[in-house]
Amino acid sequence: DTLHIPEGAVFGMCAGDFTEVYTKDTNRFNVVAASFFLDTAHNIIDYLEIIYSILKPGGHLVSLGPLLYHYAGMQNQPSIEVPWDDVLSLIGQVGFVIEEVRDVENVPYIGQASSMLNVLYRCKFLVARKPS
């Protein structure tokens, strides 16, 4: 509930390669919010393992996005492209407990009210918890 964010709550964002910036952190965050993010990985398994590592016990991964796999088909760019059902399996294998999964239709990514261009995605919404 964003209307009741505790006083002193800290939010952060960092530019750079996620696998380089956060690879040494452990048990640092209560929540990782991943918006249109998981499919930006060369290897989604690396992302999931790092997110698991940086979450405190009892912490949550909240994710919304499609599976476009940004590096798919790019020459000299490794890309592991996993279907959604296998992503869910990997999330469990990493150690998360999946609390919620649902489809979300017509999620805007880019557009402008005065333009005829609007890009909408069918996305997956996920909440997963690192056990305490």
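How much space lies in the largest pocket? About 1,100 Å³, so let's start the tour there after a little housekeeping.**Before you click**

You're looking at a predicted model, where local features need pLDDT of at least 70 and side-chain atom pairs count only at pLDDT 80 or more, while totals for chains, interfaces and linings use all residues. Residues are numbered from 1 along each chain as its sequence is written, and side-chain values use heavy atoms, with hydrogens and water left out.

**Stop 1: the largest pocket**

Select Phe-11, Gly-12, Val-31, Val-32 and Ala-33: of the 28 residues lining the largest pocket, these are the closest to its centre. A pocket here is an open set of points on a 1 Å grid over the protein atoms alone, with protein on both sides within 12 Å along at least five of seven lines; a cavity is a set where a 1.4 Å probe fits but cannot get out, and lining residues have an atom within 4 Å of a point. Points are joined across faces, edges and corners, and a volume is the space filled by probe spheres set on them.

Now colour by element. Helices (H or I, at least four residues) and strands (E, at least two) are DSSP runs, numbered from the N terminus. H1, E1 and H2 are the elements giving two or more residues to the pocket lining, and E1 gives the most, with 7 residues.

**Stop 2: helix H2**

Move to residues 44-54, which form H2, and show Ile-44, Tyr-47, Leu-48, Ile-50, Ile-51 and Ile-54, which are buried. Buried means under 20% relative accessible area, exposed over 50%, and partly exposed in between, with a 1.4 Å probe and protein chains only. Look down the axis: these buried residues are on the same side of H2 because they cover an arc of only 165 degrees around it. The arc is taken from the directions from the helix axis to the C-beta atoms. An α-helix has 3.6 residues a turn, so residues three or four places apart point the same way.

What do the buried residues of H2 pack against? Bring up helix H1 (18-21), strand E1 (29-35), strand E2 (55-65) and helix H3 (84-94). Then zoom in on the start of H2, where a side-chain oxygen of Asn-43 comes within 2.9 Å of the backbone nitrogen of Ile-45. For scale, a polar contact is a pair of N or O atoms within 3.5 Å; within protein, one must be able to donate a hydrogen and the other to accept it, and residues adjacent in sequence count only if both atoms are side-chain atoms.

**Stop 3: the largest nonpolar core**

Keep Ile-44 on screen and add Ile-51 and Leu-61: of the 23 residues in the largest nonpolar core, these three touch the most other members. Such a core is a set of buried Ala, Val, Leu, Ile, Met, Phe, Trp, Tyr and Cys residues joined through side-chain atoms within 4.5 Å. At least two core residues come from each of E1, H2, E2, H3 and strand E4 (118-129), and H2 gives the most, with 6.

Ile-44 is worth a closer look: leaving aside neighbours within four places in sequence, it is in contact with Leu-38, Tyr-69, Val-82, Val-87 and Leu-90. Contact means heavy atoms within 4.5 Å.

**Stop 4: helix H3**

Two of those partners bring you to H3, where Trp-84, Val-87, Leu-90 and Ile-91 are buried. They sit on the same side of H3 because their arc around the axis is only 110 degrees. H2, E3 and E4 are among what covers them. Flip to the other side of H3 for Asp-85 and Gln-93, which are exposed. Just after H3, pick Gly-95, with its positive phi of about 130 degrees.

**Stop 5: along strand E3**

Select residues 97-111 for E3 and find Asn-106 in it. Asn-106 has a positive phi near 55 degrees without being a glycine, and at 53% relative accessibility it counts as exposed. Pro-108, also in E3, is exposed at 59%, yet it touches Phe-36, Val-119 and Leu-120, not counting residues up to four places away in sequence.

Val-101 is another E3 residue to show. It is partly exposed at 37% relative accessibility, and, with the sequence cut-off of four places, it touches Trp-84, Leu-88, Phe-125 and Leu-126.

**Last stop: the cavity**

Where Phe-36 and Trp-84 turn up again is the lining of the largest cavity, along with residues including Leu-38, Gly-65 and Lys-124. The largest cavity has a volume of about 70 Å³, and E2 gives the most to its lining, with 3 residues.
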